[in-house]
Amino acid sequence: SQNPGQEHPTVASPWPIPRNAGAAGAAICNVRDVLRFMEFHMSGGKTAEGVISPESVAAMQVPQRRVTSKLEWGIGWSLGEIGGHRLLFHGGGTNGHITQMYAIPDKNFAISVLTNSGKGNEAIGPIIDWALERYCGLTREKLQPIELPNADLQRYAGTYKREMSG
């Protein structure tokens with residue numbers, strides 16, 4: 001990654017993921033592995049029968065919690081819609097790596113973008129937007145900034161710390 005003031009990018013090291021946070025980024029795979037994982041979920045578990053039951057795969061894609069008026073969480077998936085089509089997505093990042101995966105099951109479409117940069121989101125969004133438009137004829141809604149009064153924001157103000165996060 002390259003931080004402000006650095007002349008050249010540097011290797012993000014060490015990989016600061018403690019064992020108790022392994023689910024946040026300790027899986028090491030390539031884009032083919034991620035697409036195979038997405039194919040498994042889009043097929044309802046049929047592409048790797050016996051790993052997880054079709055009922056369990058389906059349950060993972062059922063909303064468990066509403067996050068916003070347009071976003072819900074399943075088990076391991078963010079759930080939404082785009083152009084009237086059901087959308088499954090999940091992403092994340094850790095020291096020097098950011099990944100995003102999107103699937104539109106009824107279009108038999110999946111995309112995963114893996115980056116090796118702490119600034120990977122700058123590339124991920126435009127790549128996903130291009131692919132959705134090109135292969136599905138769909139456009140993601142652009143996020144609009146919101147404004148909140150200082151009194152509402154004040155409850156979030158403070159110092160946040162986490163072990164191994166600097």
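User: Why is Cys 136 called buried?

Analyst: Its relative accessible area is 9%. Buried means under 20%, exposed means over 50%, and partly exposed is in between (1.4 Å probe, protein chains only). At 9%, Cys 136 is therefore buried. This is a predicted model: local features need pLDDT of at least 70, side-chain atom pairs count only at pLDDT 80 or more, and totals for chains, interfaces and linings use all residues. Residues are numbered from 1 along each chain as its sequence is written, and side-chain values use heavy atoms, with hydrogens and water left out.

User: What makes Cys 29 partly exposed?

Analyst: Cys 29 has a relative accessible area of 38%. That value falls between the two cut-offs, so Cys 29 is partly exposed.

User: How many disulfides does the structure hold?

Analyst: Zero, from a search of the whole structure. A disulfide needs a pair of cysteine sulfur atoms within 2.5 Å.

User: What makes the pair of Phe 37 and Trp 77 count as stacked?

Analyst: Two numbers settle it. A pair of aromatic rings is described by the distance of the centres and the angle of the planes. Rings of Phe, Tyr and Trp (its six-membered ring) pair if their centres lie within 6.5 Å; planes under 30 degrees apart are stacked, over 60 edge-to-face, and the rest tilted. Phe 37 and Trp 77 are 6.0 Å centre to centre, with 20 degrees between the planes. So they pair, and the pair is stacked.

User: Where do Phe 37 and Trp 77 sit in the chain?

Analyst: Phe 37 is in helix α1 (residues 31-42). Trp 77 is in the loop between β2 (72-73) and β3 (78-82), 40 residues apart from Phe 37. Helices (H or I, at least four residues) and strands (E, at least two) are DSSP runs, numbered from the N terminus.

User: Which of the two is buried, Phe 37 or Trp 77?

Analyst: Trp 77, at 3% relative accessibility, counts as buried. Phe 37, at 38%, is partly exposed.

User: Why are Phe 89 and Tyr 102 called stacked?

Analyst: Their centres are 5.2 Å apart and their planes differ by 20 degrees. Both values meet the cut-offs, so the pair is stacked. Phe 89 lies in strand β4 and Tyr 102 in strand β5, so the pair ties together parts 13 residues apart in sequence.

User: How do you know that Phe 89 and Tyr 102 are buried?

Analyst: Phe 89 has 17% relative accessible area, and Tyr 102 has 7%. Both are under 20%, so both are buried.
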